[in-house]
Amino acid sequence: MAHQPQRRNNNQTATMSAINAPYNFVPLSDTVVIPEWGEKVSHDLPFRDGVSGELELTITARTDILVGGSQSNGHVHFFQIDGGNGKYAIPGSSLRGMFRNVMEIATFSRMSAVDDKSYGLRDISKSGNVYQSRVTGAGKVKTGFLKMSDKKTDKKIILIPCDMARLDHRDLEDWLPRRDSRSPIFTSSRHKRVSDKYQHWKTLAANITATDGSFLCDIEKVTTEYVTEQRVFKIGSGEITAYPVFTGQISDCTQGNTEQAKAKKKHKDFVFYNPNPEKAIDVSAYDRNAWKDFLFIHHDTEESTNTDMSWPNHWRAEFRDGRQVPVFYLQSEPEAATGRLQIGLAYLPKLAGDFSTYDMIRHTSDKHLQEKGFDFSTLVFGRVGKEPEDALKGRVVFEPAIVQGNVTPDAYPPATILNGAKPSYFPNYIKQATNPEGDKLAVAKSYATYLRTEDNQEPQIRGWKRYPARPEYKPELIPADNNNANVQTHLHVLPKDTQFKSRVVFHNLKPEELGALLWSIHLEGHHHGLGMGKSFGAGQVTVDIGWNAQKIVGNDPKSSVGEQKDYPDKFMAYMQKRLDGRKWNETEQVRSLLAMTYAEDAAKRFKGKLEHMKLRDETGNNQFVTAKQTQPPLVLAVYDTSPIKHIPKYEEKKESWVNAKVHYDPGKQTLTVTDVQQGSAILKGIEAKQLLESLDPSEQKAAKKGQLFKSVEVEGKGNAIQIKGFI
């Protein structure tokens with residue numbers, strides 16, 4: 001057989017040293033912080049310590065940048081105000097999303113703004129993995145016809161079980177009336193898609209099959225050196241009515257090949273026969289998620305007719321026209337009111353996961369998906385709830401950021417492809433049991449996937465996806481042999497150092513909320529990621545905040561506004577108090593966020609390269625498959641969070657609060673001191689009781705009623721402020 005450089009030798013195993021990816025993950029926290037004032041937030045009733053005003057933002061592009069506007073023929077141009085006739089600008093919604101994502105991580109908010117999807121899994125990279133254990137073995141994969149029920153009043157989706165046998169293309173070629181019976185019925189150059197195969201089949205067999213494409217045949221069990229299977233024979237003269245089922249791409253293979261060569265090439269499809277309507281399955285009644293999962297993993301949302309996926313390319317139209325669709329499925333026994341039904345379009349079907357996105361989040365903490373209570377990002381930015389009481393209007397508005405000066409976009413950008421690994425690629429997107437270095441599976445461990453296994457009962461997602469900062473924009477050029485214009489994109493970027501000006505208006509924010517907003521916007525001077533091409537380093541921006549105290553007002557006219565730095569300190573102090581003794585600035589979440597937003601040493605913090613892996617590299621290997629076949633198997637390496645230049649640091653501070661309100665709760669043994677300007681400090685347990693007893697009896701009595709005003713000495717590390725004594 002001729003040597004094909006794009007294929008590796010089956011006797012050799014390709015290896016990789018690390019997974020490459022332009023993205024990484026901030027780990028999802030099992031702690032969700034719900035501020036205690038959340039239920040009191042209002043646009044009409046001001047907080048006594050609330051603040052309102054506006055900030056001026058200067059946004060500087062540290063690499064080339066593109067916030068997408070008009071698009072045509074694969075060319076994407078920068079957004080412009082006034083319907084594309086005005087200045088280049090960044091929409092306020094883009095700024096809002098960028099800052100909110102940072103705040104969600106920094107404030108330990110919920111991960112809830114995600115779609116609840118069940119991703120598909122089809123993994124033939126290695127024998128014995130969880131996928132192959134599900135589908136291999138007699139009777140595991142079943143066959144049937146999927147269709148709409150015939151009842152006009154009840155449009156149920158039903159699955160009619162049937163039998164299946166293998167159909168050899170060579171046998172079809174012998175039966176069909178063709179001039180050259182030795183040429184392949186299907187070729188890889190002309191019949192790549194399922195629709196191509198069926199259209200060609202209808203042309204060849206127009207006068208010798210029934211109107212539904214079926215033909216007569218017989219079925220026999222055949223055992224060869226390679227497999228035992230039910231196989232079709234006596235095509236056109238048997239007693240069984242069979243429906244040909246063509247799937248996927250095929251290899252060019254003729255009758256002149258040896259049996260060994262033919263065995264390594266796809267030259268067989270299927271026939272379905274003996275449908276059993278009496279055992280029809282009501283799909284939604286059996287498994288309420290089965291139909292939704294089927295449509296999602298087979299790209300039903302992809303309306304383009306240029307896709308190679310067999311559902312939108314062929315079977316969707318057949319189904320909508322009332323015809324039956326041949327499918328392969330796995331069926332578990334019903335448990336309680338429902339069972340599990342996983343439906344695919346190939347003999348080794350893509351299986352919808354046992355766990356949806358929400359399930360995977362719950363495995364870290366179900367607090368992320370609870371509706372009760374508002375987290376920091378919801379309090380500041382708002383949310384749309386399922387019920388009116390769950391909705392909340394945001395208290396921050398971002399105006400569009402308008403470009404400063406005259407800048408010219410790249411007029412002739414090279415073509416690139418915006419793609420990469422999808423959430424179904426579990427070595428990257430699912431938390432794995434790894435070696436100490438975090439880049440390979442631990443010894444004797446198998447990959448956690450979206451399917452339940454004995455070793456992985458409750459798999460978890462990796463966390464918040466982010467594109468690590470880097471110092472330059474470097475688009476990946478398209479290989480010379482890729483002529484598919486449908487996937488090529490030309491990004492008309494604006495140059496680095498371009499500046500934009502914006503304004504953010506906020507209303508009735510608590511000091512801690514304003515601090516969270518300021519910290520999330522400035523991000524310690526690190527880089528935000530904005531717009532398109534982030535996987536190539538585009539859209540790296542820094543944001544400077546113009547603080548004009550004259551434009552900031554306190555709700556209480558007696559209070560002073562303070563300096564800009566005071567508010568992030570209050571936010572960080574509050575977070576420290578809520579993290580049960582953990583230091584906020586040293587949590588894995590904050591360190592990971594800041595490590596990925598620091599551009600100067602981004603490449604050194606990741607074991608792979610900050611670039612997409614390739615479906616075919618220079619050696620002809622699929623890197624996504626190779627990563628799973630390497631021993632030990634690879635996982636997306638954790639991002640190094642060793643010392644970072646701008647990790648927030650806190651110094652101990654001691655101060656006195658004059659005329660602070662003191663309250664002692666004997667039931668909880670807590671002593672609380674409240675200052676209008678500074679907030680609250682709490683002391684608990686025996687220390688609180690001992691400090692209370694240092695007061696005279698009348699003062700103790702007043703403290704228990706929350707009536708005493710006293711000068712108090714407090715100290716802390718910019719965060720968990722504690723009462724040290726009365727002055």
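Reader: What makes strand β3 and strand β4 a pair, and in which sense do they pair?
Author: Two strands pair if DSSP finds at least two bridges between them. Strand β3 (residues 68-72) and strand β4 (residues 75-78) have three bridges, in the antiparallel sense. So they count as a pair. One bridge joins glutamine 71 to valine 76 in β4. This is a predicted model: local features need pLDDT of at least 70, side-chain atom pairs count only at pLDDT 80 or more, and totals for chains, interfaces and linings use all residues. Residues are numbered from 1 along each chain as its sequence is written, and side-chain values use heavy atoms, with hydrogens and water left out.

Reader: Why is β21 called a strand?
Author: Strands are DSSP runs of E, at least two residues, and helices are runs of H or I, at least four; both are numbered from the N terminus. β21 covers 415-416, so it meets the strand minimum. In β23, histidine 490 is the bridge partner of alanine 415.

Reader: Which strands stand at the edges of the open sheet, and why?
Author: The order is β3-β4-β23-β21, with mixed pairing. β3 and β21 are the edges, because each has a single partner strand. One side of each therefore lacks a neighbour in the sheet.

Reader: Which residues of helix α17 are buried?
Author: Buried means under 20% relative accessible area, exposed over 50%, and partly exposed in between (1.4 Å probe, protein chains only). In α17 (residues 697-704), Glu699, Gln700, Ala702 and Ala703 are buried.

Reader: How do you know that they share a side of α17?
Author: The arc is taken from the directions from the helix axis to the C-beta atoms. Theirs is only 165°, so they lie on the same side. Pro697, Ser698 and Lys701 are exposed on the face turned away.
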